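Q: I am new to this structure and would like a close look at one single part of it. Please take one helix and describe, step by step, how its residues are arranged and what surrounds them.

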Amino acid sequence: MAHELNRGRVSPAILRNADLDTEEIWRARVDLAACLRAAARHGLEEGICNHFSALVPGHADLFLVNRLGWAFGEATASSLLICDFDGNVLSGDGEPEATAFFIHARLHKAVPRVGAAFHTHMPNATALGMIEGEPLLWAGQTALKFYGRTVVDEDYNGLALDEREGDRIAAVLGDNDILFMRNHGVMVCAPNVAEAWDDLYYLERAAEVQLKAMSAGRPLVPVRPEVAAAAAGQMRAGDPESARLHLESIKRVLDAQAPGYRL
């Protein structure tokens, strides 16, 4: 392995980052835990193998990530880890999964615009990444949210267990937001947690309805490119506020039904 995780060790950097218990950081913890819980409710996770990350507010070189061995449905605000890009756990009890560290740390470091990165093996979007050709065929309105924002990583290389694979994935992402990882899953990248959740949810819905249409055995009717581009622009204009409201809605549902995510 090119880079060993500093499992359980506290870096000297923690002295520099003694302000990791601010109200703003706690809100980020709550929001990320809510997304993990909501993803579990929608069946978007796979056992204990998927991971969400977000940059720590006020610390561009630190990120929050769910801990090794915990299912999304168990996530709480306090269970999330704060890690640096060198593999040190600066806050939290436990350690990140190795693949989570090497993908997310390298992605956040290489592409600073990515404030949140959600990686799942959610079934419908993953299925589209297993089929020859472009995953989304732009035949449904929900899919148009992602028009011009996707790229496919054609080179599945097994588990990401070193920095090289994380760097390669970051390079493939480029200026895009949605990475279909061929034979693997998807990576959804956004400026913040709310927009990452919004994209993750609607990406799976778009994939689901496309697969249903494909199962009819009749040709799909794609939207004309100029209309698709215009609709995508309309959606992007309202996405940040819509995403914020979406996240607030899932927190209200969780507050009523499973408030333990805030612990």
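A: In this predicted model, a good place to begin is the outward side of helix α5, where the face turned away from the buried side carries the exposed residues R164 and A171. The helix itself spans residues 163-173, and its buried residues are E165, G166, I169, A170 and L173. These buried residues lie on the same side of α5, because they cover an arc of only 140° around the axis. As for what this buried side meets, its residues pack against one helix, α3 (98-110), and against the strands β6 (150-153), β7 (178-181) and β8 (185-190). Just after the helix comes G174, a residue whose phi is positive, near 55°.

For a view beyond this helix, one can turn to the aromatic rings, of which a search of the whole structure finds eight pairs. One of them joins W197 and Y201 in a tilted arrangement, with 6.1 Å from centre to centre and 35° between the planes. Both residues belong to helix α6 (residues 193-214), where they stand four residues apart, about one turn of the helix. W197 is buried, with a relative accessible area of 0%, and Y201, at 19% relative accessibility, also counts as buried, because the cut-off for that word is under 20%. Elsewhere, ring pairs link F63, F85, F101 and F102 into a cluster.

Definitions and conventions
Residues numbered from 1 in each chain as written. Predicted model: local features only at pLDDT ≥ 70, side-chain atom pairs only at ≥ 80, totals over all residues. Heavy atoms only, no water. Buried < 20%, exposed > 50% of the residue type's maximum accessible area, 1.4 Å probe, protein only. Helix = DSSP H or I, 4+ residues; strand = E, 2+ residues; numbered from the N terminus. Arc of directions from axis to C-beta. Contact = heavy atoms within 4.5 Å. Phe/Tyr/Trp six-rings, centres within 6.5 Å; stacked < 30°, edge-to-face > 60°.
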